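Me: Please take a close look at one part of this model, the place where the two chains meet. I would like the strands and residues spelled out.

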Amino acid sequence: MSIEEQILEEFTSKEYEHGWSVDFEADETPLGINEDIIRFISAKKEEPEWLLRWRLEAFRLWQKMEEPKWANVSYPMIDFQAIKYYSAPKQEKKPNSLDEVDPELLKTFERLGISLQEQKRLTGVAIDAVIDSVSVATTFKDKLSELGIIFCSFSEAVQEHPELVRKYIGSVVPSNDNYYAALNSAVFSDGSFCYIPKGVRCPMELSTYFRINAANTGQFERTLIIADEGSYVSYLEGCTAPMRDENQLHAAVVEIYAAKNAEVKYSTVQNWYPGDKNGKGGIYNFVTKRGICVGDYAKISWTQVETGSAVTWKYPSCILKGDHSVGEFYSVAVTNNHQQADTGTKMLHIGKNTRSRIVSKGISAGKSQNSYRGQVEVMKRAENARNFSQCDSLLMGSLCGAHTFPYIDIKNKTAQVEHEATTSKVGEDQIFYCQQRGIDEENAVALIVNGFAKEVMNKLPMEFAVEAQKLLALTLEGSVG
Amino acid sequence: MIKEYNMLRSLEGRVNENTSSREAWKMLTEIGLPHKKSETYKFTPIVLILEKNIDWDLNSKSTFCDKKLYAAKGSHFIFINGVLNEKLSQVQGDISFAIEDVKEGRHDPLSLLNTSLASNELVITSGTESPVFIYHFNSVGISNPRVRIKVKSGESIQLIEKLFETNENTFTNSFIHFEVAENAFVCHSKVQNYNSSTYSHETVAANVENNGRFYNNTFSFEGALTRNNLIINLNGQNCEGHMYGLFLLDKKSHIDNNTTVDHIQPNSFSNELYKGILDEDSTGVFNGKIYVRQDAQKTNAFQSNNNILLSEGATLHTKPQLEIWADDVKCSHGCTSGQLDKDAIFYLRSRGIDYKAAKAMLLRAFAEETLEHVKLETIKHEVLDLINQKLL
């Protein structure tokens, strides 16, 4: 078999490569949600009283809220009583080092291509791995703590740094923000916590890896990143889930707090199980991500590559409160088969001389629907605010759809806002050009799509860019012709 | 919510006996008027504003119509309080008209309201090319003019519409429907220079068949509340839809331009350009929708919305929206918002032009682009005069 054939073989046989699941014993709550479940989760985590109260308050708010319907996606009603809200791989005791972690767990992560072992030192990435609801391991903790950086699981942070957690939790995404944020606030089980002290430039990429393993569970994790004055951090997030016929819910909350002169770069490669070719199964990905530039000259940058999930509903946003603060949003969203994505961003200009930039690339294939929904709002006092938005859509096949819903609201005359959008398809002449030069159709499309998404891919950290490029090719596998 | 139904309750007694009107009213009471959270009226809480300002029972027996306000030449139709006055109207050439019972119209709330309350429907059938004018004189609480224009295959029509409010705090809810047959051409122009107590909701809908072309020009200058709903359905192949608009607002004027173009069949084309200049405490809203249906391959659709904000109090909401289900298409939209280029002003001033004149010159150049497609010189001049008047 020639190398080319091998590549082709590898390509065509690949569907969703992370679709397996591992059986390990897990601590679980029964199906459904009520105050007792929340008390159970809180007790399990040995949480302080104030956090339990905070959860219960959020739960009461959630009960009064209605499921939002405005997104351009359709899915059957979610039965919130048919979900397990807590599932944790059973561990005898809390591991102190990687050697004590259940080997089965470590194998799981190795199968995912994420080695938690120290050889990862070579790539210089610190990882916090979250399985189902609970963080199982965090690497490079000691090295980071030398610099005063706190990078640990959320529950650990609650135990060890309660003052920080209490101060910042819900400060960017309040629990009454929206339906899923309220649900998350009530039942979140774990997540990552990260604090970069004043003037520290985090020497390595921090990364969280999420995986849903158990059936019928929802994953509700919460990430909180605090960048103190003049600090810098680059944060990565990745995720996968096993193939299952039923839909699973993932409702996460990410909060970023950037103080004066701080810079946070947040990158996601989202590869939740998208369901099979007929749209059966898959993850509902309803995530609230928001960052706030509190201080002057702060910067928050979101980069996302969205290839997975049956339904995505996600708008990483920036509140530009400090003067001269900067918000960026780079996104590639790929949908195939029956996937639906409604994603975009919100840039809220409050401070003077604030700048934001939005680059969104949507690629739809198969019978999928891909929507960009974004809002740029310039408040009255935001002198000289500047925004540039660009959203391009690429359509592959005649059964998919691309939608653009940009909202632009301006209340200050000095604002300069530009928005442009285009929709097109992969040109026949482009494919012909490649074929002439001996590149087959499949690879030609991959090449063109990669070129289309390049602007965003360039913003990803190196380790992720390679993975993302492969994912892109995989997701669009078989969508031509 | 209950408050919104006050409006419906006070109008209930005026619904026509005609079946279409009855049915429309029934549908309207079911779906209700647009409320605060209605997506299409998000920035124009129309019912709240109307309830606050309009006296529905305001009645004036006067058939006031100031002849100085219009030129009584060519074909023209005079509507007084939403009802055609045949005596004052006249037709020339082979243009014909008839007054018919109200037929089923569109199903959005304000169109349904018009269908329920309009006493009849003026049907104009195209003829020669000479322009047709429609003048509205309104002085009662609510006026519901309703016009249907049939443009026969291969024919063309130029239609100019103007509205004069002659009483304070009146509301006009007009509905005009174009049936554009194969190879027909329509150019519809509106000049909206109202006063600061005029409230209007104007719906213009067009169905365009194969090779038909439809142009709409909307120039808005003042009005307490002006909402323009423009809907173009490109039902045939090789159709064209053109939408050009300008809003140059000051005081507390509020305008909401809502346009929809629906590409249903292959090979059609649409182009849209709306420009806004907002001064003082005015509010401008633009929502442009382009739909490209699955069968509408080889569609070309372009949309652009540019705005300049001149004052602290001005507000702009713009939402250019693209929804595409076909793959072999070329669609783009762009929108910008900014202020006058300081360098350009400096350039002019350094050549001895004072600030005010320099500003007017730049704004005029910005605004004039929307006039390019107006074929009728008289309208062009009228709009230019209005632009000058507002800017200087």
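Reply: What follows describes the side of chain B that touches chain A, and then one helix pair within chain B. This is a predicted model, in which local features need pLDDT of at least 70 and side-chain atom pairs count only at pLDDT 80 or more, while totals for chains, interfaces and linings use all residues. Residues are numbered from 1 along each chain as its sequence is written, and chains are lettered from A and ligands numbered from 1 in the order in which they are written.

In chain B, 31 residues are in contact with 28 residues of chain A (C-beta atoms, placed from the backbone, within 7 Å). At least two residues of this side of chain B come from each of β19 (315-324) and β20 (330-338); strands are DSSP runs of E with at least two residues, and helices runs of H or I with at least four, numbered from the N terminus. The most is given by β19(B), with 10 residues. By class, this side of chain B has 12 nonpolar, 13 polar and 6 charged residues (Ala, Val, Leu, Ile, Met, Phe, Trp, Tyr, Cys and Pro are nonpolar, Asp, Glu, Lys and Arg charged, and the others, Gly among them, polar).

β19(B) also pairs with strand β23 (residues 401-410) of chain A, antiparallel, over 6 bridges; pairing requires at least two DSSP bridges between the strands. Within this pairing, Glu323(B) is the bridge partner of His403(A).

Inside chain B, residues of α2(B), including Trp25(B) and Leu28(B), meet residues of α4(B), including Leu112(B) and Leu113(B). The residues of that contact are 8 nonpolar and 4 polar, with no charged.

Conventions: Two residues are in contact if their C-beta atoms, placed from the backbone, lie within 7 Å.
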